[in-house]
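Visitor: Hello! I would like a close look at one part of this protein, the open sheet and what lies around it. Could you walk me through that part step by step?

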Amino acid sequence: MSDEIVIVGGGAGGLELACKLGRKLGSGHVTLVDRALYHIWKPSLHEVAAGTRDIHQEGLSYQMLAHDNKFRFVYGNMTGLDSANNAITVDAVTDESATELLPPRQIAFSKLVIAVGSVSNYFGIPGAEQNTISLNSTEDAEQFRVRLLKMLALADLKKEKNPDAGVDIVIVGGGATGVELAAELRDASSVYTDYDFPQLNANRDVRITILEGAPRLLAPLTERVSKAASKLLQEREVRVVTDCRVASIAENFVTDANGNNYVSDLCVWSAGIKAPDFLKGLGLPVIKSGQLEVDGFLKVAGTNNIYALGDCAACIGTDGKMVPPRAQAAHQQADYLLDMFVRANKGQAAPDAPYVYKDHGSLVSFGRNTSVGTLMGSLTKLGWFVDGFFARMMYTSLHLMHLSALLGPVRTGVTAAASGLMKHAKPSVKLH
C-alpha cells in the first residue's frame, strides 16, 4: 500500500495542508490533486471579477508550490474512489478541442483528504444556472470581467443616441460575496470610465442592484455589521432590495415572487452553495446537502483512513451546530489534520480531543480603503465591531497569512512589496 497522503482540492485548506505537510514530512509523502493549474485565494475572486486583481500576475502555480514545498502535484479531476484498494481515479485532461493531454490515472493513498470546497446551489430556480455567473472559480470571475468590459464599451457607443444607455448588474444574494462584489464594482467602474469610456458616468450608468431574500444584508453576521454595510452601499449608490425571493431568471431580467422585474445585462448568483455532486457517487456517507459526513476528528463516517475538511465536510461542532462554510474553518481544520498526520508519521498517538471550531469573527471588504466586521474576543466570546482603515488592514492581513502558509514569511513579504510597487506601474484595473 502507498504511504502517500493524497489531498484532493487545492483551495485554502487543502493547499495549506499540502504545503505544511510537505515541509514537515519531506518528498514522497504528500500528493495534491486539483483540476486547475494555479491557485488564487477564493475570497479575492470578487476583485478578479471587478478587474482590480489580475490572476495572471497573482495566481500561484501548483507545480511551483509543489516543488518548493516538497509535495507532488497531479493535474485533473477526481472522478472515482476505490476505498477497498485505497485508490482514487483522476480523469483525463483534454484541451479546448477535446484532444487528450493526460490519460485517466489511478493514485494510491495511505490517507485521503477530500477538500473540494463547494459549488453554487441554484435551488431549482428556472434559468438561474443558465443565465447567471457564479464566482466559484477564476474562470467564472474572468468571464464576468470580460463581459463587463464588452458591456461598458457597447454602452459607451450607444450613449450619443440613447442618454439612458448603461450597464445593469444584478447580484442575487446579499451575503459576503454579493456585498463585496457590489462595492468593488462601484470602485472599479469609476476607474473604467476614467480610462476608456468617456461617455459614461459610473454612478449613473453602471447600475448595481442586490437582491436578498432575508430581511437584511449579511444575515449571518450581527445587525450592526449589516447596517454599516447597507450604509456604505447606499453611499456608493448601490440599490439593495431585501425580502426579495427570486422566482426566475431570464437572459436580460430577473423576476421575483411578487412579479417585479429587474433589468440585468449581467447577473451574478451568490445566493447559496452546496457540495460538488460527484461526492454522492463515491460510496461515502453524505447528508442532504451533499456534504460528506465526518466525525469530530474529521474522519469520514464508516472509514478508517478518509478525511474531509472545508465546505464539502458536514462537521458538527461541540455546540451541536454545523461548522460554517468559512475560510477560517478550513484553515483550522487543515492545521488539526496537520498535527494528526505528523504525529502518526512520528509514531505518536493521535490527538485525544476532537476538532473545535473557533470563530475569530468576520470581515467584509468594501473596496480598497475600508472594511466592516467583527473580531471575536478570545476570553469574552463577544464580538467587537470594527470598520474603516483598521478593519481593512485586518482583512488584508488574512490574505497575507494565507500566503505565508504557502510561501513562508520572507517570500510573502517580498511578494507583497512587489505587488505594491507594481500598482504604481500599471492601471488600477485590468483593461484587456
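Guide: Here is a walk along the sheet, followed by a short stop at two cysteines. Keep in mind that this is a predicted model.

The open sheet is made of 5 strands, in the order S5-S2-S1-S11-S22, and the pairing is parallel. Its edge strands are S5 (72-75) and S22 (306-308), each of which pairs on one side only. As you step from one strand to the next, the twist averages 20°. In general, strands of a sheet pair through backbone hydrogen bonds, either parallel or antiparallel.

Let us zoom in on the S5 end. Strand S2, residues 30-34, runs parallel to S5, and 4 bridges join the two. Here you can find leucine 32 of S2 standing opposite phenylalanine 73 in S5.

Now add the helices. Helix H4, residues 62-69, lies across S2 and S5, and runs at about 160° to S5. Helix H1, residues 12-25, also lies across S2, together with strand S1 (5-8) and strand S11 (111-114). The angle of H1 to S2 is about 160°.

Finally, the cysteines. The count of disulfides comes to 0. Why does cysteine 244 form no bond with cysteine 267? A disulfide needs two cysteine sulfur atoms within 2.5 Å, but the sulfur of cysteine 244 is 11 Å from its closest cysteine sulfur, the one in cysteine 267, so the gap is too far for a bond. Seen from cysteine 267, the closest cysteine sulfur is in cysteine 244. Cysteine 244 is buried, at 5% relative accessibility, and cysteine 267 is buried too, at 6%.

Terms used: Residues numbered from 1 in each chain as written. Predicted model: local features only at pLDDT ≥ 70, side-chain atom pairs only at ≥ 80, totals over all residues. Heavy atoms only, no water. Buried < 20%, exposed > 50% of the residue type's maximum accessible area, 1.4 Å probe, protein only. Pairing = 2+ DSSP bridges. Axes fitted to C-alpha atoms, helices over the stretch in contact; angles between N-to-C directions. Contact = heavy atoms within 4.5 Å.
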